[in-house]
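Visitor: Please take me through one part of this protein closely, and set it in the context of the rest. I would like to hear about the charged pairs, the rings and the nonpolar packing together.

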Amino acid sequence: MIESMELGGAGARCMGRGPVAAACSSFLPGRLSVTDRYVVAAFFGALYYFFGQLGMHMAQYALPMGLVWPATGVAVAATWLLGSVAVPFLLLAELATALPLYSMPGAVTLACGNVLGVWLGVVWYRRLRLDAPYFIEPRNTVLFMVCTACLPAVISASVGVVVMQLSGAISPAEAGHAWCIWMLGSMTGSMTVSSCILVWVAEGWRSIGRLTLERLGIWALLLCAAYFIFGSSEAGMTSDRPLGFVMAPLLAWAAYTMSHRELVSVVLLGSGYAVWATLQGAGPFVGLGYPDSLLLLQVFILVLTSTAYIVHATASSHRLAVRSLQITQDAAIFSLASLAETRDPETGSHILRTREYVRLLALQLSGHFRFREYLTPRRIEQLYKSAPLHDIGKVGVPDAILCKPGRVTSEEFEEIKKHTLYGRDVLANATGLLGMNSFLTVAEEVIFTHHERWDGRGYPQGLQGEEIPVSGRLMALADVYDALTSKRCYKAAMPHEEAKGIILEGRGTHFDPAVVDAFLRCERDFLQVGERYRDGGADEAAPVAARRER
């Protein structure tokens, strides 16, 4: 996620060919040829001119400036992606837009105010945040809006109102309203258009995936709400009530749930529809009269857009922090388990195989009436992560016993049996600090009970039947199967069919009958796991597991 949102990162791509697509995949001007940089800059200049004409078309409903100025958003995106290379093309496009309405000095002044304000805002943000991903951290999102929307809008509106007064387009009495409408229109265009361009350029069409039912529902509710609020001129009769802000909770929900691309698309489409409907005499703001209706519409769009972006950044930051914690947790578990395996190097990929076996058994039993309440998706994931720790207590067993090539004596076996106690004690303090809901609670159960037997003749507690936690019952079969089918210093590897026969003999004595039945239903999967993580490929198996975790 960070790589995809950090504009300028090498991992971003978009569909298509040619210089524009090249800019989408590299962003930094140094990664484009000189010719391609100028071609892309010319493309943004043309896009700026198009949106400038669109803004001027909307000016007939307000003052001699646009109600919304989407060209500012194009300027922000172009300057962000191409830097100073885009500035001359944006100046020419702005000049071509302003010349039909103003004299040459006035048009040049307006062009400088609009474009250089954007350039200063982008440079300021880059200096402060070093291109930090603005949709990941709330602070960065606010800073991005201040630098690339507020600052350019203030500069542009100030310069524009002065030019308009000098040209006689407005009177001094109209200057205040004109400045507010210009400034808010520029901010609206920057926040809605620039974010949409930058996010879609950064992420492109890849990995869009299928819409979930929840997200489809949000889209449907947003469309219905937008039509209800802005789709009829009768809505104007409710202008004494903030009907438009019914959109606020729906947009906040969308911001929390949707992807970057979906959210910026919703914001752009929704803002465009609100502007169009208001200019057509529909919606809750038309009854307020000019210019209050225009100002309130602009404030409405800005408040909802900024709120949605901040909520989205907060949710993204939280998800990123949770994911980072999960990766750290998984790495710590795997490292801790690997430390125990170094005491017995012939176990090879034992921890990789057994955790896969445990998950296969848990998935098979998750629909069983005796297990479905316990084996939830979250619990299965906890079992998968905890399984590698089942033999961590081996660190307390002397090497002379643990690595003994022949059969151990009864006294030595009693010492080996203590590894369940050693392992439980290792995690006991951590479990106490993290609470009973910690994933380590499951790990502690696995460690302490995976040598218990269904008939009560196991160790260390001699638990029987349902007294044994489900986690221990699953680990017991997975551990025994892997021990049978793997080579050890004291024995050769046993074929699957022979190991399967021993498992069947232990049904109802060593193992829970339901767990054995689950094993029989997924024995082909067991064979595939054993082949994938066979001991000869232990070095190759670890990277596979690491990639799976990522």
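Guide: What follows is a close look at the region around aspartate 512, and then at other parts of the chain.

The model is a predicted one, and the distances and accessibilities below are computed from it. Side chains of opposite charge can pair when their charged atoms come close. Aspartate 512 forms a salt bridge with arginine 473, and their closest N and O atoms are 2.9 Å apart. This pair joins distant parts of the chain, since aspartate 512 is in the loop between helix 20 (496-505) and helix 21 (513-521), while arginine 473 belongs to helix 19 (residues 470-485), 39 residues apart. Aspartate 512 has a relative accessible area of 2% and is therefore buried, and arginine 473, with a relative accessible area of 8%, is buried as well. The pair is also part of something wider, for Arg370, Glu466, Arg473 and Asp512 are linked in a network of salt bridges.

A second charged pair involves helix 20, one of the two helices that flank the loop of aspartate 512. Here lysine 500 forms a salt bridge with glutamate 523, with 3.0 Å between the closest N and O atoms. This pair, too, links distant parts of the chain, with lysine 500 in helix 20 and glutamate 523 in helix 22 (residues 523-532), 23 residues apart. Lysine 500 and glutamate 523 are both buried.

A third salt bridge, between the side chains of aspartate 455 and arginine 453, has an N to O distance of 3.2 Å. Its two partners fall into separate accessibility classes, and the cut-off explains why: buried means under 20% relative accessible area. Arginine 453, at 19%, therefore counts as buried, whereas aspartate 455, at 22%, is partly exposed. In the whole model the count of salt bridges comes to 16.

The rings come next. A pair of aromatic rings is described by the distance of the centres and the angle of the planes. The structure holds 13 aromatic pairs. In one of them, phenylalanine 50 and phenylalanine 51 are edge-to-face, 5.4 Å centre to centre and with 75 degrees between the planes. Phenylalanine 50 is exposed, because its relative accessible area is 51%, while phenylalanine 51 is buried, because its own value is 19%. Another pair is made by phenylalanine 519 and phenylalanine 526, whose ring centres lie 5.0 Å apart with the planes at 80 degrees, so this pair is edge-to-face. Phenylalanine 519 and phenylalanine 526 are both buried. Ring pairs join Phe519 and Phe526 with Tyr357 and Tyr481 into a cluster.

Two arginines also have a place over an aromatic ring. Arginine 126 lies over the face of tryptophan 80, at 4.6 Å from the ring centre, and the charged end of arginine 319 sits over the ring of tyrosine 256, 5.1 Å from its centre.

The nonpolar packing completes the picture of the interior. In soluble globular proteins, nonpolar side chains tend to be buried together. The largest nonpolar core has 54 residues, of which Leu222, Phe230, Met247, Leu297 and Phe300 touch the most other members. Among the elements that give two or more residues to this core are helix 5 (87-98), helix 9 (213-230), helix 10 (247-257) and helix 12 (292-341). Helix 8 provides the largest share, ten residues. A second core, separate from that one and made of 44 residues, includes Ile380, Met494, Phe519 and Val529. Phe519 therefore brings two descriptions together, as a buried partner in the edge-to-face pair with phenylalanine 526 and as a member of the second core.

On the surface, Trp124, Leu128, Val142 and Val146 make a nonpolar patch of about 310 Å². Helix 6 (104-129) and helix 7 (138-166) are the elements that give two or more residues to this patch, and both helices also give two or more residues to the largest core. Tryptophan 124 lies in helix 6 and is partly exposed, because its relative accessible area is 38%.

Helix 12, one of the contributors to the largest core, also holds alanine 331. Alanine 331 counts as partly exposed because its relative accessibility is 42%. Its C-alpha atom is separated by 9.9 Å from that of lysine 385, which is 54 residues apart from alanine 331 along the chain.

Methods. Residues numbered from 1 in each chain as written. Predicted model: local features only at pLDDT ≥ 70, side-chain atom pairs only at ≥ 80, totals over all residues. Heavy atoms only, no water. Patch = residues over 30% accessible without salt bridge, like charges linked within 9 Å, V, L, I, M, F, W, Y side chains within 5 Å. Areas by Shrake-Rupley, 256 points an atom, 1.4 Å probe, with all protein chains shown as cover. Salt bridge = Lys/Arg side-chain N within 4 Å of Asp/Glu carboxyl O. Helix = DSSP H or I, 4+ residues; strand = E, 2+ residues; numbered from the N terminus. Buried < 20%, exposed > 50% of the residue type's maximum accessible area, 1.4 Å probe, protein only. Phe/Tyr/Trp six-rings, centres within 6.5 Å; stacked < 30°, edge-to-face > 60°. Lys NZ or Arg CZ within 6 Å of the ring centre and 35° of its normal. Core = buried A, V, L, I, M, F, W, Y, C linked by side-chain atoms within 4.5 Å.
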